[in-house]
Amino acid sequence: MPWTSTNRIYAKPSSSGEGPVVAAAKARVSPTAAADTGGRFELSDHGYGKGSIKLLHVHRDGEYHVIREFEVSTELKLASESAYVIGDNKEVVATDSQKNTVYLLAKKHGIKTPEEFGAVVVNHFLYTYKQVVEAKCHVIEYPWERLQAGAPHNHAFIFAPTATRWCEVSQTRHEAVVVKSGLKGLRVLKTTQSAFVDFVQDEYTTLADAAERIFSTVVEAEWTYDNMRTADFDNAWLTVKDAILDKFAGPPDVGVYSPSVQHTLYQAEKTVLEKVSEITWIRMTMPNKHYLNIDVSKFPANVTKGDPRHHIYQPIDKPSGLIYAQLRRRPKSQL
């Protein structure tokens, strides 16, 4: 897929030469919430943007087509508080204009990855509008896969929501682009090789040790990069997903033992940092999705006796345990 602006996402907005908007702003004192309230209050944060801009990008290479569908949200922060304090909209880039910009940038440059497209979007706003001091772009990718009809189909696709990919790209004027990537909604379950034993037992405890239990969770993960020039964003996302599935499930014939959700989570994070050198840190969340044994001991044997291979569990959504951890690289010694 063509990508014509690879270097653009790493460029910093030029600080040489000031446009007429900045020069005019310096010529007058912009009203602030602090000045308006006699120092009693201040506008500690502000911004605005366009949410949920949906687009489908189709790259046609003869009869072979590639699609990627996204939901894009933009957010701008202006240097001036005038729009809030006195209702002066002269520096406001309308949210409808932000929507149009997303479509036009996608048309002009195409979309190689959500991260690179998000960087193009924030970079555009900083270069085009001198009154913008910070720009953010949040991108969600919908999980389409090529339809397999004996062979990969040229132009037909199937929605396959195994997990949802997302990223958040931000840039402050004169600073480098910052990228956070993530996945959500990765629901997994295994029926054996999971336990939870030897935890604290005291007067508040009713949970018994479970040497054999169902392990099910819905994984969320997010991570950042320290080197965007060499990062392969598609490969990084697939590596994270594969690491989670591998450390959760193990080999298909024998599986892998999990003494706790915490241990499985840590093993997946460690694998990611070992395999993707550009990732600075990764954080995962794994809430329990409980499937509890149904106690049939109170029923007569003639109504419970049956094929011993049948096992019935009750799904319990709430309440649920919530396990998380963040693993980061330690700074290298300066010695």
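Helices α6 and α7 (residues 261–275) pack with their axes 8 Å apart and at an angle of about 140 degrees. The model is predicted. This briefing covers two helix pairs, two aromatic pairs and one charge placed over a ring.

**Packing of α6 and α7**

- The angle of about 140 degrees falls short of the range over 145 that counts as roughly antiparallel, and α6 and α7 are therefore oblique to each other.
- The two helices, α6 and α7, make a right-handed crossing.
- On the α6 side, the residues that meet α7 are T239, V240, A243, I244, K247 and F248.
- On the α7 side, the residues that meet α6 are T264, Q267, A268, T271, V272 and K275.

**F248 and its surroundings**

- F248, one of the α6 residues that meet α7, also forms an aromatic pair with F215.
- The F215 and F248 rings lie 4.9 Å centre to centre, with 65 degrees between the planes, and the pair is edge-to-face.
- F215 belongs to strand β8 (residues 215–225) and F248 to helix α6 (residues 233–249), so the pair ties together parts that are 33 residues apart in sequence.
- F215 is buried, with a relative accessible area of 2%.
- F248 likewise counts as buried, at 6% relative accessibility.
- K190 is placed over the face of F248, at 5.4 Å from the ring centre.

**Aromatic pair between β4 and β5**

- The model has a count of 5 aromatic pairs.
- One of them joins W144 and F159: the ring centres are 5.1 Å apart and the planes stand at 75 degrees, so the pair is edge-to-face.
- W144 lies in strand β4 (residues 144–148) and F159 in strand β5 (residues 152–159), and the pair links distant parts of the chain, 15 residues apart.
- W144 is partly exposed, with a relative accessible area of 34%.
- F159 is also partly exposed, at 39% relative accessibility.

**Packing of α4 and α5**

- Helix α4 (residues 95–109) and helix α5 (residues 114–128) have axes that come within 10 Å and cross at roughly 125 degrees.
- As an angle of roughly 125 degrees lies between the perpendicular range of 65 to 115 and the antiparallel range over 145, α4 and α5 are therefore oblique to each other.
- The passage of α4 across α5 is a right-handed crossing.
- Q98, T101, V102, L105, A106 and H109 are the α4 residues in this contact.
- Their counterparts in α5 are F117, V120, V121, H124 and F125.

How values were computed. Residues numbered from 1 in each chain as written. Predicted model: local features only at pLDDT ≥ 70, side-chain atom pairs only at ≥ 80, totals over all residues. Heavy atoms only, no water. Phe/Tyr/Trp six-rings, centres within 6.5 Å; stacked < 30°, edge-to-face > 60°. Helix = DSSP H or I, 4+ residues; strand = E, 2+ residues; numbered from the N terminus. Buried < 20%, exposed > 50% of the residue type's maximum accessible area, 1.4 Å probe, protein only. Lys NZ or Arg CZ within 6 Å of the ring centre and 35° of its normal. Axes fitted to C-alpha atoms, helices over the stretch in contact; angles between N-to-C directions. Parallel < 35°, antiparallel > 145°, perpendicular 65-115°, else oblique. Left-handed = near helix turned anticlockwise from the far one by under 90°. Contact = heavy atoms within 4.5 Å.
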